Amino acid sequence: MGETLLANAPINARVKCAIALSVAAAGLLPALSSTGAAAQGYPVKPVRVVNLAAGSLNDSITRLVFARVSEALSQQFIVDSRPGAGGNIAAAFVAKSPADGHTLFLTGQNVLVVNPFLYANPGFDPLRDFEPVSMVTKISEVLIAHPSLSTKSLTDFVRLAKAKPGDISYASAGNGHPQHLFMALFQRKAAIRLAHVPYKGPPQAVLAVVGGEVGVMNVGIGLARPHIASGKLVPLAKTGYLAADTLPGVPALTAAYPGTEYVPWQAVYAPKGVSVEIVTRLNAAIGRALAAPEVVSRLKELDVTAVHSSPGELDKIVRADMVVNRELVKSIGLKLD
């Protein structure tokens, strides 16, 4: 009806109405297109990529992936390592940063799916404060034992542990670390009891097993591989992400004990509120980086697997992992200040 009235109106009225509509549309255009235009121009300045600790696996992955993202988006991506408090310092910094896509967070899973249950006040909320961008890697791990235990297989080890409840010790990279929580899960499923000995980090914990200070440990294959090759450690079972070509001949723990799935991962997040368009642009650039042959090859050398995901897929993984870890933290009765 409105179009009919306008067509039948006098010429002056039609011109005035057309001008009014043009002015109104012009006023709406900035609101409708500013977000999309900002995403097209993104990033407009160097991007800060916060990670957990310089020299760590997390740091190596950050630098490798974002060197390619930098090329794809023609902008600097500057790595900013912020160690401390189990990753809470880095996470809280990103959570409070502007939601413009110029501060990102490449984190391991423990910060978002363990720390909220481990710390009374971690300084952030994993669902309220962060926007998922993409999964980056999943990590293959291995359950290792010192040769002095004389256990050549997982069956041997579990039999020994049941015969000596609480006598065999296991190492981890610290109280509440994913290695600690995984071993709690394994003990529950295998109906065994081991003694926990925490260390300052994965390298120190691995060396403790190599030196015979403790009996067993679950750790990333990259750290264990040279010691397995030299005969200083015995691989009992593959854990974490089960890459097909990793440690052939070593069985998967899940084959013997279903329900022990516990896959370490690294992923990229942005502060909550960043636009969908910017997340989409970043996700695509990360996907291209992860598909680059040299990136795939280098990650394989680190015994991790490139895994690209949609933001929605990452969100589902995080929510599921939070359910598992809430129960594990509760089962070991651990709380940190």
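1. Two strands pair if DSSP finds at least two bridges between them. Strands (E, at least two residues) and helices (H or I, at least four) are DSSP runs, numbered from the N terminus. With that in hand, look at Leu106, which stands opposite Val268 in β9. Strand β3 (residues 103–108) is antiparallel to β9, and the two share four bridges.

2. A quick word on what you're looking at. This is a predicted model, where local features need pLDDT of at least 70 and side-chain atom pairs count only at pLDDT 80 or more, while totals for chains, interfaces and linings use all residues. Residues are numbered from 1 along each chain as its sequence is written, and side-chain values use heavy atoms, with hydrogens and water left out.

3. Now follow strand β4 (residues 130–145), which runs antiparallel to β9 with seven bridges; Pro132 has Tyr269 as its bridge partner there. β4 has other antiparallel partners too: six bridges go to strand β8 (residues 234–240), with Ile144 opposite Pro235. Five bridges go to strand β7 (residues 216–220), where Leu143 faces Asn218. Three more go to β10, where Lys138 is partnered with Thr305.

4. Are these strands buried or exposed? Buried means under 20% relative accessible area, exposed means over 50%, and partly exposed is in between (1.4 Å probe, protein chains only). In β4, 15 of the 16 residues are buried, so the strand is largely enclosed by the rest of the structure. For β9 (residues 265–271), seven of its seven residues are buried.

5. Next, the rings. Rings of Phe, Tyr and Trp (its six-membered ring) pair if their centres lie within 6.5 Å; planes under 30 degrees apart are stacked, over 60 edge-to-face, and the rest tilted. There are six aromatic pairs in the structure. One of them, Phe130 with Tyr269, is edge-to-face, at 6.2 Å centre to centre and 80 degrees between the planes. Phe130 sits in β4 and Tyr269 in β9, so this pair ties together parts that are 139 residues apart in sequence. Both rings belong to buried residues: Phe130 has a relative accessible area of 1%, and Tyr269 comes in at 3%. Ring pairs also link Phe105, Phe124, Phe130 and Tyr269 into a cluster.

6. How does the length of helix α8 (residues 178–190) check out? The expected span is 1.5 Å times one less than the number of residues. For the 13 residues of α8 that gives 18 Å, and the end C-alpha atoms are 18 Å apart, which agrees. The helix is mostly covered, with 11 of its 13 residues buried, among them Leu181, Phe182 and Phe186. Just past its end, Ala191 has a positive phi of about 55 degrees.

7. Finally, the pockets. On a 1 Å grid over the protein atoms alone, a pocket is an open set of points where a 1.4 Å probe fits, with protein on both sides within 12 Å along at least five of seven lines; lining residues have an atom within 4 Å of a point. The largest pocket holds about 1,100 Å³ of space, and 49 residues line it, with Ser56, Ala173, His177, Gln179 and Pro202 nearest its centre. The second largest holds about 210 Å³. Its lining includes Ser140, Lys300 and Thr305, and β10 (304–306) gives the largest share, three residues.

Technical notes. Grid points are joined across faces, edges and corners, and a volume is the space filled by probe spheres set on the points.
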